[in-house]
Amino acid sequence: MIQKIKGTMDILPDETPLFRYIEGIMREEAEKCGFGEIRLPTFEQTELFVRGVGNTTDVVQKEMYTFKDGDGSISLRPEGTAGTVRALIENGKYGDAMPQKYYYIMSCFRHEKPQAGRTREFFQFGVEMFGAETPAADATVISLAYSVLKRLGLEGHVKLHINSIGCPACRPSYKSALVDYFTDKKASLCETCLERLQKNPLRLLDCKVPSCAAIAKEAPRTVDSLCSDCQTHFDALCKSLEAMNIPYEIDSSIVRGLDYYTGTVFEFVADGIGAQSTVCGGGRYDGLVESLGGPKLSGIGFGMGLTRVIMTMQQHGISPVSPAKPRLYIASLGANAQTFALSIVSRLRQEGIYAECDLVGRSLKAQMKYADKIGAAYTLIIGDTEIETGKANLRDMASSEQKEVLLSSFSLS
Ligand code: ATP
Ligand code: MG
């Protein structure tokens, strides 16, 4: 038997209603803030992600699905920001009124070690806002993520962590303080961290190896070496969050896994879903549009993993959707009755009612059992007599009450 690719998932009809419910809330909340949906290609030129996500990131170095395509190289999108920025530039949207606001719900692909909450194809709700540099823009994006999580019943189960990782003006001095600190501790660092020390010191703060994480915990904090512009921005963001009643904590360990971030970075972290506890991650990326060949234009956004949202909901027993149940099941006896049942079901469906009838030729007893199993609210039994008289007994399955109905004018709406 051919099996699915490791790290991919089948989402079956008993699970899709929950996905659709969550996606519906994401769409509603995004559209209430004026974000419009963007749909992007599944693959792009590899170069876009190398330049956009960053050459020294795990995503680009180890996790991309990359293929040769003629003389070129293409990759399945590992995230949505780079593609959105490319689309903004390519379609000249930077000429429109600012801010430009986009959202997407789409699959992304990363060649990772599959675990609960970490798959190779995963679904992400993402938003990107361009051309708004104020702390109010940061606060708007964060509050959008917060209101989605709140509507899903996760307020109190996820914590907002925020940090500022500084700008090109203040980051170099921070970086060198960081390098000095970690160089002293070189002997205790893992292989990857030794490499990070050379290539991308900020990422040292992001190591998941416990001994490295313990060292990172004591490292100099970005928030202690911000320039006055970054400090003012960060303070104003904190004030805005307080004004919107969004609880947060400042967490200097957040640096985010992608290279393009500047200034504000944030994560929503769930309690108790283990290593994959980051439900949502985002931040400001003011240099990205320019570095991908566009004008100087600021940006801020986040990505929220649908599976991690669902895992957190399940962990707290939140199940807001139940499977759809038919209002009516028509049991039939014989071929004529089956055709007649089908005509009634078809009429009811046109009226917007979910109705079913026998399609597999079950016995009457088995049909009634099936009606019960699928949770039909009402049943009708139709045989030759019912066709002749044009009348049948409508049975309320919950109360077992029956009443005679006229089939020609019968309606449940
Ligand atoms: P992590 O530290 O967990 O690897 P990340 O920093 O790589 O996350 P981002 O690139 O910021 O994650 O992606 C945004 C969100 O997308 C994450 O917070 C998470 O909810 C989700 N996500 C990322 N990678 C995966 C994956 N492989 N499987 C499922 N969800 C994922
Ligand atoms: Mg990752």
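## The shell around ligand 1

Welcome to this structure, and let's start at ligand 1: 16 residues surround it, and R110, E112, R118, T119 and R256 come nearest (a residue is near a molecule if one of its heavy atoms lies within 4 Å of it). This is a predicted model, in which local features need pLDDT of at least 70 and side-chain atom pairs count only at pLDDT 80 or more, while totals for chains, interfaces and linings use all residues; side-chain values use heavy atoms, leaving out hydrogens and water. Residues are numbered from 1 along each chain as its sequence is written, and chains are lettered from A and ligands numbered from 1 in the order in which they are written.

Sorted by class, the shell around ligand 1 holds three nonpolar, seven polar and six charged residues. Here Ala, Val, Leu, Ile, Met, Phe, Trp, Tyr, Cys and Pro count as nonpolar, Asp, Glu, Lys and Arg as charged, and the others, Gly among them, as polar.

## Polar contacts and cover

Which atoms of the protein lie close to the oxygen atoms of ligand 1? An N or O atom in the side chain of R118 is 2.8 Å from an oxygen atom of ligand 1. For Q124, a polar side-chain atom lies 3.1 Å from a ligand oxygen, and V279 brings a polar backbone atom 3.0 Å from an oxygen atom of the ligand. On its own, ligand 1 has 590 Å² of accessible area, and the protein covers 91% of that (areas come from the Shrake-Rupley method with a 1.4 Å probe; for residues, only the protein chains shown count as cover).

Two or more residues of the shell come from each of β6 (121-130), β10 (278-284) and β11 (299-305). The largest share, four residues, belongs to β10. Such elements are DSSP runs numbered from the N terminus: helices (H or I) have at least four residues and strands (E) at least two.

## Q276 and its partners

Q276 sits in the loop between β9 (264-270) and β10. Is Q276 buried or exposed? It is buried, with a relative accessible area of 6% (buried means under 20%, exposed over 50%, partly exposed in between, with a 1.4 Å probe and protein chains only).

The side chain of Q276 makes a polar contact with the side chain of R118 at 3.1 Å, and another with the side chain of Q115 at 3.3 Å. A polar contact is a pair of N or O atoms within 3.5 Å; within protein, one must be able to donate a hydrogen and the other to accept it, and residues adjacent in sequence count only if both atoms are side-chain atoms.

## Cysteines without bonds

How many disulfides does a search of the whole structure find? The count is zero, where a disulfide is a pair of cysteine sulfur atoms within 2.5 Å. C212 has its closest cysteine sulfur in C190, 3.8 Å away, so the two are too far apart for a bond. For C238, the closest cysteine sulfur is in C230 at 13 Å, again too far. C212 is buried at 1% relative accessible area, and C238 is buried at 8%.

## Domains

The domain assignment, which is automatic or from a database, gives domain 1 (16-170 + 226-315) and domain 2 (328-409). Their centres, taken over C-alpha atoms, are 50 Å apart.
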